[in-house]
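Hi,

Here is the structure I said I would pass on. Have a look at it first, and then read on for what turned up.

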Amino acid sequence: MIDNPTATVGSSITNLVKTIVGAGLFAIPFAFKNDGVAVGLLLIFLAAVTSSFGLILLAKCSKTLINPRNSSFFTICMLTYPSLAPLFDLAMVVQCFGVGLSYLVLVGDFFPDLFGGERKYWILLSAILVVPLCCLKKLDNLKYSSIVGVIALLYLSLLIGFRYLTDVAFAPEISFERGEISWFKVYDYKGLLSTFSIIIFAYVGAMNIFTIVNELQDNSMTNVRKVVDSSILISTILFLFVGLFGYLTFGSLTMGNILLNYDSDSLAIGIGKFCLAMMLILTFPLLFHPLRTAINNIVVWFIIKFEKSSLTPEISARDSEASNYVTAETHTSRPINLIINDDEVNDCEELNEDLLDSNNVIYQEHGHEEEPPKGGLNGVEHDVPFPETRFYIITALLLVSMYAMALNVKSFALVLSLVGATGSTSISFILPGLFGYKLIGTDALAIGHTMTKEDRLYRRLSLLLIYFGFAVMFLSLYVTLKYQQ
C-alpha cells in the first residue's frame, strides 16, 4: 500500500497522457491515409470511448476493495480469477516488455541518424537517463520526466500543424508532391484492416491506472474520472491534430512515420526527431514500472502456490509475505486475503489468528448466495509484497535483458504486432471487462443493498467490452499473420 500518497490530479494526468501517447502518435496520419478522414475520425472516437470506459472500469473495481490503495491487476485477479492471475500478469509483461524494447531499438535508430556514430553506443548511452528513472519506486516521481516528454510531443505536434499551414493551407502554391485526400471514402480497404490496430491501440494506458489510483492524494472516483477524462481528451486532441494535419499535408503519399515525409536536412525537423528520441527515452520508465510490478506479481503467485508452510509462525519473515495469502483454492468462496508489509511482519501470530477468524459476509449475485472478497488483517487488504532486494534484482535483470536484446535486434515488427494484438487488447478491454462484470456492484451486495441501476449498466457494458476486446484481438492477429509475415 502507498504509505504517503503525493500525486495530484495534474501530475496524474501528465503521467497518464505520457503513458498513452508514444511513438504511435506519428503513425496516425498513415492510418488516416488508408481509412480516409471520416472513417479515421470514427475509429478515433471508438478507441477513445472504449479505452476510457476500460480505465473507468478498472478504477471502479479498485473501489470494491476495503482499501482502494491496495489495487493492482494482481489483487483484482486474486479476488476474481486467482488461478489465472499469472496469465493476466503475463499479458502485462508481454505488452510492456515488447513496447519498451521497441523504444530502445528506435533510440538506436534515431540518434545515429541525427549525430552519427554506432547505434549500440547510443543505446548504451541512453542508460544514463533510463536506469536512474527506472529505479524510482513511485510513478508520481516520474512526473517531471513526463512533463519534458509532453513538451517534446507538443513541439512535434505544433511543428506538423505549422508545416501544414505554411506549406499547404496558406501557401501560394504547393512546392512538393502531394497525394490525393480521401474525405469520406476509404482509400485502401486492405490498408484499413492493417492500420485498424494503430488507432485502437493508440490509447493503451491501463498498465498504470491502478498505480495512479493508489498514489492520488484524493483518490475518489470524482478525481479518478477527472484524470481519465482529461487524459483521454488531451490524447485525442493530439491524435486528431497530428493525424489530420499530417495527412492533409501529404495525402496519399503519407508514410508510416509522418516525420519521414519531411526534409531531413531541415533544422526544425532535426530538432523534432531529437525530441522524439528523447520522448522515447523518457517514456520507457513509464512502461518499465508496471513491467517490474507484473514480474513481482508472478513471483508472489508462485510463492503462494507452492509454499507448503503458509500461515505458520515459524516461516521466515520474507517468505511469510507471500504465504500469508489465503486464495480461492484454500476456500472456494473466499478469493483472497492479502498480506502485510515488511515492517508489519513482526505480528505474524496475531496476523494468523485474524486471517483465520475473518468470516462470512453473505451477498446475492445471480440468485445465488456467495461470499464476497474480504480483507485480511482486521478486515483491511494489504498490498502485494515487494521487498527492496527483490525490487533491485528484478530491475537489474529486466534492464540487462532488454538492453542486450536491443543491441542485437534491429527490427521485430511482426513480434511487436503480435504483442499489440494480444497484450494491448487484454489489458485495455478484456481484463477490464472481466473484472467489471465480476466485481462492480458487489460492494453494495455485501452490505445487503441492492445493486444500483448504474452498476447494472456497467456490468452489461463490461460484457460488451469483453466481446469487443476479443473481436479486436482476433482481427489484429488475422491481419498481422496474413499481411505482415
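Let me start with a pair of side chains. Glu388 forms a salt bridge with Lys137, and their closest N and O atoms are 3.4 Å apart. Glu388 sits in helix 15 (residues 388–408), while Lys137 is in the loop between helix 7 (127–134) and helix 8 (143–169), so this pair ties together parts that are 251 residues apart in sequence. Lys137 is partly exposed, with a relative accessible area of 44%. Keep in mind throughout that this is a predicted model.

Now for the overall picture. The protein has 485 residues, and 56% of them are buried. Its secondary structure comes to 18 helices and 4 strands. If you take the contacts between residues at least 6 apart in sequence, 82% of them join residues at least 24 apart. The protein exposes about 20500 Å², with carbon and sulfur atoms supplying 63% of that.

Back to the charged pairs. Side chains of opposite charge can pair when their charged atoms come close. How many salt bridges does the structure hold? There are 7. One of them joins the side chains of Asp455 and Lys60, at 3.9 Å from N to O. Asp455 lies in helix 18 (residues 453–483) and Lys60 in helix 3 (residues 37–62), so here the bridge links parts that are 395 residues apart in sequence. Both partners, Asp455 and Lys60, are buried.

Another salt bridge brings together the side chains of Asp140 and Lys143, with 3.6 Å between N and O. Are these two buried or partly exposed? Asp140 is buried, with a relative accessible area of 3%. Lys143 counts as partly exposed, at 21% relative accessibility. The cut-off explains the two labels: buried means under 20% relative accessible area, so Asp140 falls below that limit and Lys143 does not.

While you are in that part of the chain, look at Lys138, which lies in the loop between helix 7 and helix 8. Leaving out residues up to four places away in sequence, Lys138 touches Asn4, Thr6, Glu215 and His289. The C-alpha atoms of Lys138 and Pro5 are 9.4 Å apart, though 133 residues separate the two along the chain. Glu215, one of the residues that Lys138 touches, is found in helix 10 (residues 209–215). Glu215 is buried, with a relative accessible area of 3%. Pro5 comes up here again: its C-alpha atom is 4.6 Å from that of Glu215, and the two are 210 residues apart along the chain.

Next, a pair of helices. Two packed helices are described by the angle between their axes and the distance between the axes. Which values go with helix 2 (residues 28–35) and helix 9 (residues 189–200)? Their axes come within 9 Å and cross at roughly 145 degrees, and the crossing is left-handed. On the helix 2 side, the residues that meet helix 9 are Ile28, Phe30, Ala31, Asn34 and Asp35. On the helix 9 side they are Gly191, Leu192, Thr195, Ile198 and Ile199. Sorted by class, this contact has 6 nonpolar, 3 polar and 1 charged residues.

Tyr189 is also in helix 9. At 60% relative accessibility, Tyr189 counts as exposed. Its C-alpha atom lies 7.2 Å from that of Asn34, with the two positions 155 residues apart in sequence.

For a contrast in cover, try helix 4 (residues 73–80), which is mostly covered: 8 of its 8 residues are buried. They are Phe73, Phe74, Thr75, Ile76, Cys77, Met78, Leu79 and Thr80.

One last stop is Ser235, placed in helix 11 (residues 221–250). Ser235 counts as buried, at 0% relative accessibility. What is Ser235 in contact with, leaving aside its neighbours within four places in sequence? The residues are Val17, Ile20, Val21 and Tyr203. Ser235 and Ala48 are 187 residues apart in sequence, yet 8.7 Å apart from C-alpha to C-alpha.

That's the tour. Happy browsing!

Technical notes:
Residues are numbered from 1 along each chain as its sequence is written. This is a predicted model: local features need pLDDT of at least 70, side-chain atom pairs count only at pLDDT 80 or more; totals for chains, interfaces and linings use all residues. Side-chain values use heavy atoms; hydrogens and water are left out. A salt bridge is a side-chain nitrogen of Lys or Arg within 4 Å of a carboxyl oxygen of Asp or Glu. Helices (H or I, at least four residues) and strands (E, at least two) are DSSP runs, numbered from the N terminus. Buried means under 20% relative accessible area, exposed over 50%, partly exposed in between (1.4 Å probe, protein chains only). Axes are lines fitted to C-alpha atoms, for helices over the stretch in contact, and angles run from 0 to 180 degrees between N-to-C directions. A crossing is left-handed if the near helix is turned anticlockwise from the far one by less than a right angle, and right-handed if clockwise. Contact means heavy atoms within 4.5 Å. Ala, Val, Leu, Ile, Met, Phe, Trp, Tyr, Cys and Pro count as nonpolar, Asp, Glu, Lys and Arg as charged, and the others, Gly among them, as polar. Accessible areas come from the Shrake-Rupley method with a 1.4 Å probe; for residues, only the protein chains shown count as cover.
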